[in-house]
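Please look through the model below before reading my points, which go from the whole chain down to a single residue.

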Amino acid sequence: MTARRSLALIWRWPALLAALSVFGLLAALIGQTGIWLPLSWGALTIPLAVAALCIVRSRD
């Protein structure tokens, strides 16, 4: 018998990745120089890396 998981447990990682994507997009809009540019690149790279990792793992 499988235990039911709460909505908070199910949506925790997708919500975190969505918030990180929104932060990356806003950081790219707010500042074109300084610390904002690397922050936006990092924030937008992490969800892509997670998606690629999930795709690779699902093929195994």
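How many helices and how many strands does the chain have?

1. In this predicted model, the chain has 2 helices and 0 strands. The radius of gyration of the chain is 15 Å, well over the 10 Å that the globule rule gives for 60 residues, so the chain is more spread out than a compact globule. Along the principal axes, the C-alpha atoms fill a box of roughly 55 × 30 × 10 Å.

2. On the question of cover, buried residues make up 10% of the 60 residues in the chain. The chain exposes about 5,300 Å², and carbon and sulfur atoms supply 74% of that area.

3. Helix 1 deserves a careful look, and with its 24 residues it reaches 33 Å from its first C-alpha to its last, which is close to the 34 Å expected at 1.5 Å a residue. Helix 1 nevertheless bends by about 35° at W13, and a proline, P14, follows within four residues.

4. Please also find the nonpolar surface patch of about 790 Å², which is made by V22, F23, L26, L29, I30, I35, W36 and L39. Helix 1 (7-30) and helix 2 (36-59) each supply at least two residues of this patch, and the largest share, 5 residues, comes from helix 1.

5. Is L29, one of the patch residues, buried or exposed? L29 lies in helix 1, and its relative accessible area is 69%, so L29 counts as exposed, a word kept for residues over 50%.

Definitions and conventions
Residues are numbered from 1 along each chain as its sequence is written. This is a predicted model: local features need pLDDT of at least 70, side-chain atom pairs count only at pLDDT 80 or more; totals for chains, interfaces and linings use all residues. Side-chain values use heavy atoms; hydrogens and water are left out. Patches are made of residues with over 30% relative accessible area and no salt bridge: like charges are joined within 9 Å, nonpolar side chains (Val, Leu, Ile, Met, Phe, Trp, Tyr) within 5 Å. Accessible areas come from the Shrake-Rupley method with a 1.4 Å probe; for residues, only the protein chains shown count as cover. A salt bridge is a side-chain nitrogen of Lys or Arg within 4 Å of a carboxyl oxygen of Asp or Glu. Buried means under 20% relative accessible area, exposed over 50%, partly exposed in between (1.4 Å probe, protein chains only). The expected span of a helix is 1.5 Å times one less than its number of residues. The bend at a residue is the angle between axes fitted to the seven residues ending there and the seven starting there. The radius of gyration is taken over C-alpha atoms; the globule rule is 2.2 Å times the number of residues to the power 0.38.
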